[in-house]
Amino acid sequence: MYQAKPNNPTLAALLIGIATAFIAATTLFAKALGTDQFGPVMHPIQIVFGRFLFAFLSFSIAVIILQPQLQRPHFGLHLIRTLGGWAGLVLMFASVAYIPLADATAISFLNPVFGMIFAIPLLGERVGKWRWLAAGIALTGAMILLRPTPTSFQPAALLALGAALILGFELNIIKKLTQRESPFSILFVNNTIGLCIGGLAVIFVWEPPTVAQWGLMAAIGCAMAVAQTCFVNAMARADASFVAPFSYGTLIFAAIYDVIFYDVVPDFITIIGACVIINGALLLAWREGRRRISLSGEQDL
């Protein structure tokens, strides 16, 4: 039987930081596939299929090399989690076709707030005032980066909002799974089911990719495999409500990648928004550290 990982918020925060860097990279690659830079514009369902295909291949190679012990999976939870993840990604990539990428990204990363809210009924977590304050600060930073305009709230923006809602729900299903199964088992089963779902859906939209597009899909899959590994291990070591606000770091890395690859220098609003998000995460980390010290002191008495 799988033994749950000990609670370690500091390591969880570090792992989430690494995950956000790779998640932002997948968005960068998806952005390229969603334009005609490397061939015909690719349908978001096909991009998501490529993500699951190459992530599955990555984890399959790891199974052959590492030969880990895999637990018997809870297929019901895995199916719910994978359907949510697949739908969230499709909605996210679809929204980019109708509204600016920056708007869609900012809206979709409201998912940590939804994740924290869902953690109350689904996981029975108690979210205190400090966590609400930290999440509120991070949400304020996301709203600053969103730059609310009439175009941001077109009906198509509801696609990105739907992605945030679904992915927030998925956060808590992942937490449930980490209490039952090892991180590697969760990732391998998730990507296996995701490949099956994506393979069936892509039949209706498939267009032959160019060599460059195959390379970008491979990059998305491999980057997501690394991100998922870090993310699930973080979820196994801290409450979902603690981990969730750190996911906003993806917005910061996305801005950095824009500078490097698209020569888009962040303006004053972007810098302010990023700083607000960082301060929200730091407040949460500080409070959690104080709480652990307090609990440790009580146990020593």
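A nonpolar core is taken here as a set of buried Ala, Val, Leu, Ile, Met, Phe, Trp, Tyr and Cys residues joined through side-chain atoms within 4.5 Å. In this predicted model, the largest such core holds 59 residues, and the members that touch the most others are Leu33, Ile47, Val48, Trp86, Phe93, Phe231 and Val243. Two or more residues apiece come from helices H1, H2, H3, H4, H7, H8, H9 and H10, with H9 giving the largest share at 11 residues. Leaving aside residues up to four places away in sequence, Phe231 touches Ile16, Ala19, Leu171, Ile174, Val243 and Ser247. There is also a second, separate core of 9 residues, with Leu110, Ala164, Leu251 and Ile277 among them.

As for the overall picture, the protein is built from 12 helices and 0 strands. Buried residues account for 51% of its 301 residues. Looking at contacts with a separation of 6 or more, 89% join residues 24 or more positions apart. The exposed area comes to about 14300 Å², and 70% of that is supplied by carbon and sulfur atoms.

Now for the rings. A pair of aromatic rings is described by the distance of the centres and the angle of the planes. The count comes to 8 aromatic pairs. Phe59 and Phe184 have ring centres 6.0 Å apart and planes at 85 degrees, so they make an edge-to-face pair. This one links distant parts of the chain, as Phe59 sits in H2 and Phe184 in H8, 125 residues apart. Phe59 counts as buried because its relative accessibility is 4%.

Tyr257 and Phe261 are edge-to-face too, with centres 6.4 Å apart and planes at 65 degrees. Here both partners lie in H11 (residues 249–262), 4 residues apart, or about one turn of the helix. Their surroundings split nicely: Tyr257 is buried at a relative accessible area of 16%, whereas Phe261 is exposed at 53%. Elsewhere, ring pairs tie Phe49, Phe54, Trp206 and Trp214 into a cluster. A charge turns up over a ring as well, with Arg51 lying over the face of Phe52 at 3.9 Å from the ring centre.

One acidic residue is also worth a look. Glu170 is found in helix H7 (residues 157–178). Its relative accessible area is 12%, so Glu170 counts as buried. Not counting residues up to four places away in sequence, Glu170 touches Arg81 and Gly85.

Definitions and conventions
Residues are numbered from 1 along each chain as its sequence is written. This is a predicted model: local features need pLDDT of at least 70, side-chain atom pairs count only at pLDDT 80 or more; totals for chains, interfaces and linings use all residues. Side-chain values use heavy atoms; hydrogens and water are left out. Buried means under 20% relative accessible area, exposed over 50%, partly exposed in between (1.4 Å probe, protein chains only). Contact means heavy atoms within 4.5 Å. Accessible areas come from the Shrake-Rupley method with a 1.4 Å probe; for residues, only the protein chains shown count as cover. Rings of Phe, Tyr and Trp (its six-membered ring) pair if their centres lie within 6.5 Å; planes under 30 degrees apart count as stacked, over 60 as edge-to-face and the rest as tilted. A charge sits over a ring if NZ of Lys or CZ of Arg is within 6 Å of the ring centre and within 35 degrees of the ring normal.
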